[in-house]
Amino acid sequence: MPKRGCPFGVAAPLQLKVRVGWKELGRGVCSEQYSREVYDAPGAACRACSSCVRAADGAAACGQCERALCGHCVRTCGSCGAVACALCALLDCSDVHEKVLCASCAVFEA
């Protein structure tokens, strides 16, 4: 059976994948805002959250791997109170309620 023909014919525009980077955003609608973010703060590197890649808004860092965390991804250990990221935190589902454990406490709880 032959392939079905294109219903739009040769008049259809080409659809190409386009990578939009900071250079393209700097020339677009929000060019003033993006150029301020990039060029106004020399030496102040923007840290990204290791779990969700949002901008890390505070000084929170995982106690195990020391990766930067945003406010949405901070997980606090139920045993020792240490801060852990999504990669280092473990969920203990053995009880009625889920309990977040850091990697250090998970060794002793198991």
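Buried residues account for 15% of the 110 residues in the protein chain. The model is a predicted one. The accessible surface of the chain amounts to about 9100 Å². Carbon and sulfur atoms contribute 56% of that surface. Among contacts with a separation of 6 or more, 16% join residues 24 or more positions apart.

The secondary structure comprises three helices and four strands. Their order along the sequence is α-α-β-β-β-β-α. Two helices thus precede the strands in this pattern, and one helix follows them.

Part of the nonpolar surface is gathered in a patch. Leu 14, Leu 16, Val 18 and Val 20 form this patch, with an area of about 500 Å². Leu 14 is placed in the segment before helix 1, which spans 22-26. The relative accessible area of Leu 14 is 76%. Leu 14 therefore counts as exposed, because the cut-off for that class is over 50%. Patch membership requires over 30% relative accessible area, and the 76% of Leu 14 satisfies that requirement.

A backbone feature occurs at Glu 66. Most residues other than glycine have a negative phi. Glu 66 is not a glycine, yet its phi is positive, at about 60°. Glu 66 sits in the loop that links helix 2 (31-39) to strand 1 (75-76). The side of the burial scale on which Glu 66 falls is clear from its relative accessible area of 66%. Glu 66 is exposed, because this value lies over the 50% cut-off.

Technical notes: Residues are numbered from 1 along each chain as its sequence is written. This is a predicted model: local features need pLDDT of at least 70, side-chain atom pairs count only at pLDDT 80 or more; totals for chains, interfaces and linings use all residues. Side-chain values use heavy atoms; hydrogens and water are left out. Patches are made of residues with over 30% relative accessible area and no salt bridge: like charges are joined within 9 Å, nonpolar side chains (Val, Leu, Ile, Met, Phe, Trp, Tyr) within 5 Å. Accessible areas come from the Shrake-Rupley method with a 1.4 Å probe; for residues, only the protein chains shown count as cover. A salt bridge is a side-chain nitrogen of Lys or Arg within 4 Å of a carboxyl oxygen of Asp or Glu. Buried means under 20% relative accessible area, exposed over 50%, partly exposed in between (1.4 Å probe, protein chains only). Contact means heavy atoms within 4.5 Å.
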